[in-house]
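The following exercises are to be worked with the sequence and the three-dimensional model at hand. Each task is followed by a solution in steps.

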Amino acid sequence: MTRGRIAFIDDEPQLCEAAEDWLSVSGFTVATYQNPAQAMREIDPQDCDCVVSDLRMPGASGFDVLTHFRAADSDLPVILLTGHGDVPVAVRAIQTGAYDFIEKPYDADMLVAVLDRAVERRRLRSEIDRLHNGAGAPSIEDRLIGISPAIVALRRSVAQLASVNVDILITGETGTGKEVLARALHEFGARSAGNFVAINCAAVPESIFESEIFGHDKGAFSGAAAERAGKFEYGQGGTVFLDEIESMPLALQAKVLRAIQERTVVRLGSNRERPIDVRFIAATKTDLRRESEAGRFRADLYYRLATVELATPPLSERRDDIPLLYGVFARAAAERFGMVRPDDIDLTGVSEQPWPGNVRELKSAAERAVLGLAGPAPGRQPADQPQTLPDRVARFEAEAIAQALRMTNGSTAEAAEQLGLPRRTLNEKIARYGLRGADSEAAEG
């Protein structure tokens, strides 16, 4: 795979030749142009990752080149070169939208480093757009987003195992996407037409666990006015996902083990065994082997579930994916909150954050940024810095207003009535939080 597709524009033939030689040796695909007008006619922005242009050329300037490609594709990075570097020119170049401004004579290795960053940003933004605007059926790449080796390997495992009728144990830290992985195994496998039944073992009270899981017959207990199928039966032909299985009470683990082994359930109040055609996927954030050795989890249930183990990597092991995920979450949040889509998401510093809460924390940070509540750019704000009370109140208020606008199809008049606010006050808050209502957009137009 090429390191990047570069268009190099300079009216000096020897500079074009030298740049083509060095960049080609460095792994780039390079096209050179000595005529800027010809370059603007022939370069296809969709087939280019970065444009490098001299500033002073006969016929057209580097600013002309910059303006042309900014209009053709605002995400295409343009780097300007000049032998007459000065602060005002550099400022104007950046303000006009140049990705970078380099003074001649430049160091070839420095140019390569700048091109690497520009190409990475170009591809990152293209991937964000592809994921956000993707049409048709979703792919594994749409579900398990990332380019890091860990995620590529995980997608390969999903492709191999999705249609194999084997139970799977998913391990991983909190917030790493264990349920997302389980849903991908279901969605891209032979059982996708069946139900995906998610059970949080930590959230089901022990007193009603058996009834919820196995179902009950009429009269099985006080209040059982009718028979009811349990969640295992509801998953017939599909997948049952046992999340936080380490929280399942020991007394119930033997009954769940029997159901998994025999693929049958017996409803409360019944003696009849009912067959179930279900694939079981369990998830845990703890070391179940160690838990079973300590007597806190049944070893036989662990071994039954762990025929295949898949691990969801923490963000600390997939830092290349952080800007991509952040951008995807920000775009989705802007759409969900009824806000103008962010055309230039600030990804500065997101990869350097520790993100102990993993993907879940990253998603929350992206949503706060879209709402204008993130404060300093990620990476400049300590990860453990608590959010102030005014910040929390503002976030709640912004989310409530965004929800009201969605429910009223952007009508600020109806949203104001729903929220019990004067319309003028609501419009001021909409402006403060960067939200958009159909009424306010019409007024602005």
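Helices (H or I, at least four residues) and strands (E, at least two) are DSSP runs, numbered from the N terminus. Residues are numbered from 1 along each chain as its sequence is written, and side-chain values use heavy atoms, with hydrogens and water left out. The model is predicted: local features need pLDDT of at least 70, side-chain atom pairs count only at pLDDT 80 or more, and totals for chains, interfaces and linings use all residues.

**Exercise 1. Overall content**

Task: State how many helices and strands the protein has, and what percentage of its residues is buried.

Solution.
Step 1. The protein contains 19 helices and 14 strands.
Step 2. Of its 445 residues, 46% are buried, a term that means under 20% relative accessible area, with exposed over 50% and partly exposed in between (1.4 Å probe, protein chains only).
Step 3. Contact means heavy atoms within 4.5 Å. Among the contacts with a separation of 6 or more, 69% are between residues 24 or more positions apart.

**Exercise 2. The cis peptide bond**

Task: Identify which residues a cis peptide bond joins and where Pro-105 lies.

Solution.
Step 1. The cis peptide bond is found between Lys-104 and Pro-105, with omega about -10°.
Step 2. Pro-105 belongs to the loop that runs between strand 5 (100-103) and helix 5 (108-133).

**Exercise 3. Helix 14 against helix 15**

Task: Describe how helix 14 and helix 15 cross, and which residues make the contact.

Solution.
Step 1. Two packed helices are described by the angle between their axes and the distance between the axes. Axes are lines fitted to C-alpha atoms, for helices over the stretch in contact, and angles run from 0 to 180 degrees between N-to-C directions.
Step 2. The axes of helix 14 (residues 322-336) and helix 15 (residues 358-370) cross at roughly 50° and come within 8 Å.
Step 3. Helix 14 and helix 15 are therefore oblique to each other; angles under 35 degrees count as roughly parallel, over 145 as roughly antiparallel, 65 to 115 as roughly perpendicular and the rest as oblique.
Step 4. The crossing of helix 14 with helix 15 is right-handed. A crossing is right-handed if the near helix is turned clockwise from the far one by less than a right angle, and left-handed if anticlockwise.
Step 5. Helix 14 contributes residues including Leu-325, Phe-329 and Ala-333, and helix 15 contributes residues including Leu-362, Ala-366 and Val-370.
Step 6. This contact of helix 14 with helix 15 has 13 nonpolar, no polar and three charged residues. Ala, Val, Leu, Ile, Met, Phe, Trp, Tyr, Cys and Pro count as nonpolar, Asp, Glu, Lys and Arg as charged, and the others, Gly among them, as polar.

**Exercise 4. Helix 15 and its surroundings**

Task: Compare the expected span of helix 15 with the distance between its end C-alpha atoms, and state which residues of helix 15 are buried.

Solution.
Step 1. The expected span of a helix is 1.5 Å times one less than its number of residues. For the 13 residues of helix 15 this should give 18 Å, and the end C-alpha atoms are 19 Å apart, which agrees.
Step 2. Buried in helix 15 are Asn-358, Val-359, Leu-362, Ala-365, Ala-366, Glu-367 and Val-370.
Step 3. Asn-358 is not a glycine, yet its phi is positive, about 60°; its relative accessibility is 2%.
Step 4. Trp-355 sits in the loop between helix 14 and helix 15. Its phi is also positive, near 50°, and Trp-355 is buried at a relative accessible area of 4%.
Step 5. After helix 15 comes Gly-372, with a positive phi near 75°.

**Exercise 5. Two further helix pairs**

Task: State at what angle helix 9 packs with helix 11 and helix 7 with helix 8, and how the residues of each contact divide by class.

Solution.
Step 1. Helix 9 (residues 206-214) packs with helix 11 (residues 250-262) at about 5°, the axes being 11 Å apart. Helix 9 is thus roughly parallel to helix 11.
Step 2. The contact of helix 9 with helix 11 comprises six nonpolar, no polar and three charged residues.
Step 3. Helix 7 (residues 149-161) and helix 8 (residues 178-187) pack at about 35°, with their axes 9 Å apart, in a right-handed crossing.
Step 4. Leu-154, Val-158 and Leu-161 of helix 7 meet Leu-181, Ala-184 and Leu-185 of helix 8. These residues divide into six nonpolar, no polar and no charged.
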